[in-house]
Amino acid sequence: MFGGGIGGVVILLLYFLLGGNPSDLPKQSTPAPSEQRQVSQEETVLEDFLSVVLADTEDVWHEKFNAYGLDYAEPKMTLFNQTTQSGCGLAQSNMGPFYCPRDQIVYLDVSFYNELKNTFGAGGDFAFAYVLAHEIGHHVQNQLNIIGQIHPLRQQLPEAEYNKYSVAMELQADYFAGLFSYYVQEKGYLEQGDIDEAMNAASSIGDDRIQRMSGQEVNADSFTHGTSKQRKNAFDQGFKYHDLEHAMQFFAGLKYQPRFQTH
Ligand SMILES: [Zn+2]
């Protein structure tokens, strides 16, 4: 009756309604019980699409990390509707997609896709792939211990000063999304117009709508993500250079320079 993907998203949503912990979920879901929230076909398609994109990010980042003699630990992804518990506190729709460094899970609200399309005018499947690739970019920062080097500064620096590091982190995540896009294009996965969709999305979310989670607790404080022009440029740079060295350019001029850790 249902394919694996459909059953999966039904289980996930039901699980959240019951207040379960997403990290406890088995990877392969069993068929859903009969009483459940109706899941739209759009959500099912979205989940299937994002699962494919997530797998693509894993291919790309495994290869990239291997080239630097590093191991890439895969993140998890959780689609939720309205609200769910995350390792970083309560996740709500109005926070937008985010990555929680504590549990290494990307949280995406299913309504965000429509919002991206209707409110930000950034439609197209690859626009949403960019959003996921950006969040995976934060996971990459976590893996490279960049988050671990930057987050402590928040306690040490005045807010305005720390915001510069926050912007640098966001732009670097855009760079990593551009890097990812370069490799999927090289693999021949992209259609005409996909990169434009991603660039459009990068430049249309030039405010705090996609809030990055701090790893401490969820709060409504806005982050600055950089201007539209900066975000588009960061994506561009990632697509152009697709290496880790140029990914550090966003911290140029700042007092504290994090390093990605290789061995
Ligand atoms: Zn971000």
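What follows is a short tour of a zinc site, a helix, a strand pair and two residues with an unusual backbone angle. The model is predicted.

The zinc ion makes a good starting point. Its protein donors are H134 and H138, each through NE2, and E170 through OE. These atoms sit 2.0 to 2.1 Å from the metal. Read along the chain, the donors fit the pattern H-x3-H-x31-E. The site also ties together distant parts of the chain, since H134 belongs to helix α4 while E170 belongs to helix α7 (residues 159-186), 36 residues away. As for the spacing of the two histidines, a general point about helices helps: an α-helix has 3.6 residues a turn, so residues three or four places apart point the same way. Are these donors buried or exposed? H134 has a relative accessible area of 1%, so it is buried. E170 comes in at 0%, and therefore counts as buried too; the cut-off for that label is under 20%.

Helix α4, which carries H134, deserves a look of its own. It runs over residues 125-143 and has 19 residues in total. From its first C-alpha to its last, α4 reaches 27 Å, close to the 27 Å expected at 1.5 Å a residue. Most of this helix is covered up: 17 of its 19 residues are buried.

Just past α4 comes a bit of a backbone oddity. Most residues other than glycine have a negative phi. N145 is not a glycine, yet its phi is positive, at about 60 degrees. This residue lies in the loop between α4 and α5 (146-150). N145 has a relative accessibility of 28%, which means that it counts as partly exposed, a label for values between 20% and 50%.

H242 pulls a similar trick, with a positive phi of about 35 degrees although it is not a glycine either. Its place is in the segment after α9 (228-241). Where N145 is partly exposed, H242 is buried, because its relative accessible area is 18% and the limit is 20%.

Finally, there are strands to consider. Strand β2 (residues 83-86) and strand β3 (residues 89-92) run antiparallel and are joined by four bridges. What connects β2 to β3? A hairpin does the job, passing through two residues. Within this pair, S86 stands opposite G89 of β3. As a rule, side chains in a regular strand alternate between the two faces of the sheet.

Methods: Residues are numbered from 1 along each chain as its sequence is written. This is a predicted model: local features need pLDDT of at least 70, side-chain atom pairs count only at pLDDT 80 or more; totals for chains, interfaces and linings use all residues. Side-chain values use heavy atoms; hydrogens and water are left out. Buried means under 20% relative accessible area, exposed over 50%, partly exposed in between (1.4 Å probe, protein chains only). Donors are N, O and S atoms within 2.8 Å of the metal (3.2 Å for Na, K and Ca); water is not among the atoms, so sites may look incomplete. The expected span of a helix is 1.5 Å times one less than its number of residues. Two strands pair if DSSP finds at least two bridges between them.
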